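Here are my notes on the model you passed along. Have the structure open while you read, and skip to whichever point interests you.

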Amino acid sequence: MKQLYINNTNTVSLIGLRSAVDDVFLNHGVGGVAVNAQAKLTQNGTAVTGGTISLAYITGTDGEYMADLPSTLVLIEDQYYTIEVNVSSGGVYNNWNIPVIAKYRGEI
């Protein structure tokens, strides 16, 4: 299971986002494509305050989008959360629900 590190900036990313119809990369702004990608951190279906972010297209990549969850999020150690990622492009919507657990970083 993926981990969110408490009191750390945590990066949320989509790598290689493609169209399911024609299998081309969805690169925002390329070929007139507009992609809206957002992530929301939830616990038991309730949004964590400050945990909604917009993922930005990484220029020059093939369908890569990233954003950071802030280090100021109030996370509880060993509690389970879900990162909900929603993408819309040209009337097509996609959703991922990624289970994560909050942990403190261990040894260096």
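The points below go from the overall fold to the charged pairs, then to a surface patch and one serine.

1. First, a caveat: this is a predicted model. Everything below comes from the predicted coordinates, so to speak of it as a model is the right habit.

2. What is the chain built from? The protein chain has seven strands and zero helices. Read from the N terminus on, the order is simply β-β-β-β-β-β-β.

3. On overall dimensions, the C-alpha trace spans about 45 × 30 × 20 Å along its principal axes. The protein chain has 108 residues, and 33% of them are buried. About 6,700 Å² of the chain is exposed, with carbon and sulfur atoms supplying 49% of that area.

4. Contacts reach a long way along the sequence. If you take the contacts between residues at least 6 apart in sequence, 60% of them join residues at least 24 apart.

5. Now the charges. The protein chain carries 5 positive and 9 negative charges, and the mean positions of the two sets are 4 Å apart. As a general point, side chains of opposite charge can pair when their charged atoms come close. How many salt bridges does a search of the whole structure find? It finds three, and I take them one by one.

6. R18 and D23 make one of the salt bridges, with their side chains meeting at 3.5 Å, N to O. Neither partner counts as buried here: R18 is partly exposed at a relative accessible area of 38%, and D23 is partly exposed at 48%.

7. Which residue does E84 pair with? Its salt-bridge partner is K40, and the closest N and O atoms are 3.9 Å apart. That value falls within the 4 Å cut-off for a salt bridge. E84 sits in strand β6 and K40 in strand β3 (residues 36-43), so this pair ties together parts of the chain that are 44 residues apart in sequence. Is E84 buried or exposed? E84 is buried, with a relative accessible area of 17%, while K40 is partly exposed at 31%.

8. D78 and K103 form another salt bridge, and here the closest N and O atoms are 2.5 Å apart. D78 lies in the loop between β5 and β6, whereas K103 belongs to strand β7 (residues 92-103), so the bridge links parts that are 25 residues apart in sequence. Both ends are partly exposed: D78 has 39% relative accessibility, and K103 has a relative accessible area of 24%.

9. On the surface, I15, I58 and M66 make a nonpolar patch of about 240 Å². Where does I58 lie? I58 is in the loop between β4 (46-57) and β5 (65-69). With a relative accessible area of 31%, I58 is partly exposed. Patch members need over 30% relative accessible area, so I58 meets that part of the rule.

10. Last, have a look at S88, which lies in strand β6 (residues 80-89). S88 is buried, its relative accessible area being 18%. Which residues does S88 touch, not counting those up to four places away in sequence? They are A34, V35, N36 and Y93. E84, the buried partner from point 7, lies in strand β6 too.

Note on methods
Residues are numbered from 1 along each chain as its sequence is written. This is a predicted model: local features need pLDDT of at least 70, side-chain atom pairs count only at pLDDT 80 or more; totals for chains, interfaces and linings use all residues. Side-chain values use heavy atoms; hydrogens and water are left out. Patches are made of residues with over 30% relative accessible area and no salt bridge: like charges are joined within 9 Å, nonpolar side chains (Val, Leu, Ile, Met, Phe, Trp, Tyr) within 5 Å. Accessible areas come from the Shrake-Rupley method with a 1.4 Å probe; for residues, only the protein chains shown count as cover. Helices (H or I, at least four residues) and strands (E, at least two) are DSSP runs, numbered from the N terminus. Buried means under 20% relative accessible area, exposed over 50%, partly exposed in between (1.4 Å probe, protein chains only). Contact means heavy atoms within 4.5 Å. Lys and Arg count as positive and Asp and Glu as negative; His and the chain ends are not counted. The place of a charge is taken as NZ of Lys, CZ of Arg, CG of Asp or CD of Glu.
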